[in-house]
Amino acid sequence: RKKMFDYLKKIIKSQWKMYSFLILILLCLSSFEFVLLSIYSCFEINQGIDTILLRFIPTLGVFVSMFLTLLMNNYFLESKKEEFSIILLSGCHNREIIFYIIVQFGVLFLIGDFLGGVLGIGLMKIINSYSKYYFYYIYDRVFYLYIALFICKIIYVYMVNFSQFIQIKMSISDYLTHHQQKTSKVSFKIKKQKPIKEILITILAVLMIIFSLQGLFQIENSTLLPIYFMFFLMGELTLINTTIPFMYDLLHDSYLLKNPKGLMVLSYVMNLSKVLGSIVYVLSAVVPVCLVVYFLKIDSLAYVSVSNISYISMLLMMFICFILRFQVYLPQIYQEIVVKKALGFRLKEIQRIYRDVTVVFVLLIDIFPFILYGTMLYLAYLQNQITYNNMLLLSFSYLILFLIYGCYINYQYQKTIKEVYFNVKYINRSE
């Protein structure tokens with residue numbers, strides 16, 4: 001165990017930026033969890049149907065936070081495969097591996113949740129200071145709920161991380177014992193398959209977008225508007241993840257090879273959409289549910305306050321997870337930059353390529369959905385489903401956060417390109 005501690009110290013020392021960033025993310029997510037649990041505990045379930053709705057809204061936010069926390073753990077694991085492989089190749093037993101997981105990930109989540117709880121108490125004081133509705137919550141009740149949620153997350157993290165060790169161990173065992181598929185006959189004739197599946201998925205995605213747009217501009221009951229918005233986001237994301245790769249293969253020889261920079265931009269947009277796709281799917285499910293809550297038009301100060309706080313909390317949580325996911329993905333482009341430099345690309349040319357990637361991604365994920373989102377909110381406002389203030393809150397909070405995220409992506413791209421382009425260690429190691 002002493003050797004394991006020494007190895008863990010070296011890992012943390014060499015990757016302290018990533019560990020600090022992960023703790024910061026866990027702190028933010030945990031603080032929002034504490035706020036939502038505090039709001040949840042303010043209302044007794046025996047006070048009527050309105051109280052059930054008041055409890056449902058923060059409960060949804062807590063589930064979103066928990067799901068995003070576990071998603072962040074999975075993303076963090078992607079950068080730990082090499083580390084896990086070294087541990088297994090060094091001959092560690094299962095007890096030592098379990099001890100390693102408990103020490104590393106348990107301490108990370110413990111620090112993040114503890115600091116998140118402290119920050120959550122401060123946030124609740126700020127909310128009660130500026131909110132028109134005062135939330136009376138009991139510390140003991142919130143504390144027990146918070147601890148129960150922490151235990152659930154830790155159990156899941158241990159199970160997933162240990163299963164990751166088992167998978168790597170099996171892969172190493174298969175490799176060392178040469179239990180690989182035998183390739184006695186090698187055929188160089190590659191039969192090109194017809195892209196029937198891709199064509200059908202593309203048609204389905206186009207129909208979803210057309211259906212959502214027709215419903216948006218012809219619907220009389222604005223309560224169904226969030227459903228059409230969800231169909232639009234899912235259809236658009238399906239087009240990005242399925243149709244763009246299909247068009248990439250279809251036009252590769254005839255057009256894209258004649259335009260290598262366009263080829264690179266399209267390829268990197270595909271990679272970025274795959275990396276961030278899971279969080280976009282969460283966004284496409286959560287936002288419509290929040291809008292339905294607003295469209296119920298319950299005339300209550302408590303209901304309005306709970307809805308606004310929960311909506312902003314969920315948006316901020318997804319915004320934070322977008323940042324962490326992109327930060328984990330960023331080291332994957334080091335080798336791409338090094339290869340471009342070796343091929344003779346100048347610094348400004350590489351920067352322009354990734355700037356175009358950012359612009360295309362922001363247009364697809366932020367601007368186009370926001371146009372539909374804003375139109376939907378405006379139609380709901382015309383039909384007296386939401387107030388003018390809520391329309392502004394819902395639309396501008398969505399737009400501002402994701403425009404900031406687009407600027408963050410571009411800034412990190414440009415910063416990383418300069419660092420890799422002029423640093424010899426990336427050229428020697430391609431990492």
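## A walk through an all-helix chain

Start by selecting helix 11, residues 334–342: here Y334, I337, V338 and K340 are buried. Now turn the view until you look down the axis of helix 11. Its buried residues fall within an arc of 160°, so they line one face of the helix. Then step just past the end of helix 11 and click on G344, which takes a positive phi of about 100°. Keep in mind as you go that this is a predicted model.

**Zoom out to the whole chain.** Colour by secondary structure next. How many helices and strands does the protein chain have? There are 14 helices and zero strands. Read from the N terminus, the elements are α each time, from start to finish. The chain has 431 residues, and 49% of them count as buried. If you show contacts between residues at least 6 apart in sequence, 84% of those join residues at least 24 apart.

**Go inside.** Select M72, F135, F326, Y373, Y398, Y405 and Y413. In the largest nonpolar core, which has 133 residues, these seven touch the most other members. Now add helix 9, residues 260–295: the largest share of this core comes from there, with 19 residues.

Stay with Y398 for a moment and display its surroundings. Which residues does Y398 contact, leaving aside neighbours within four places in sequence? They are F229, L283, Y311, L315, I365, D366, P369, F370 and Y373. Notice that Y373 is also on the list of core residues you have just selected.

**Visit a serine.** Next, select S65 in helix 3, which covers residues 49–78. Is S65 buried or exposed? Its relative accessibility is 0%, and buried means under 20%, so S65 counts as buried. Not counting residues up to four places away in sequence, S65 touches L29, E33 and M317.

**Finish on the surface.** Switch on the surface display. The accessible surface of the chain comes to about 23,400 Å², and 66% of it belongs to carbon and sulfur atoms. For a last stop, select F143, Y144, I147, I151, I155 and M159, which together make a nonpolar surface patch of about 640 Å². F143 is found in helix 6, residues 139–176. Why does F143 count as partly exposed? Its relative accessibility is 47%, which lies between the 20% limit for buried and the 50% limit for exposed, so F143 is classed as partly exposed. Compare that with S65, which counts as buried at 0%.

How values were computed
Residues numbered from 1 in each chain as written. Predicted model: local features only at pLDDT ≥ 70, side-chain atom pairs only at ≥ 80, totals over all residues. Heavy atoms only, no water. Patch = residues over 30% accessible without salt bridge, like charges linked within 9 Å, V, L, I, M, F, W, Y side chains within 5 Å. Areas by Shrake-Rupley, 256 points an atom, 1.4 Å probe, with all protein chains shown as cover. Salt bridge = Lys/Arg side-chain N within 4 Å of Asp/Glu carboxyl O. Helix = DSSP H or I, 4+ residues; strand = E, 2+ residues; numbered from the N terminus. Buried < 20%, exposed > 50% of the residue type's maximum accessible area, 1.4 Å probe, protein only. Core = buried A, V, L, I, M, F, W, Y, C linked by side-chain atoms within 4.5 Å. Contact = heavy atoms within 4.5 Å. Arc of directions from axis to C-beta.
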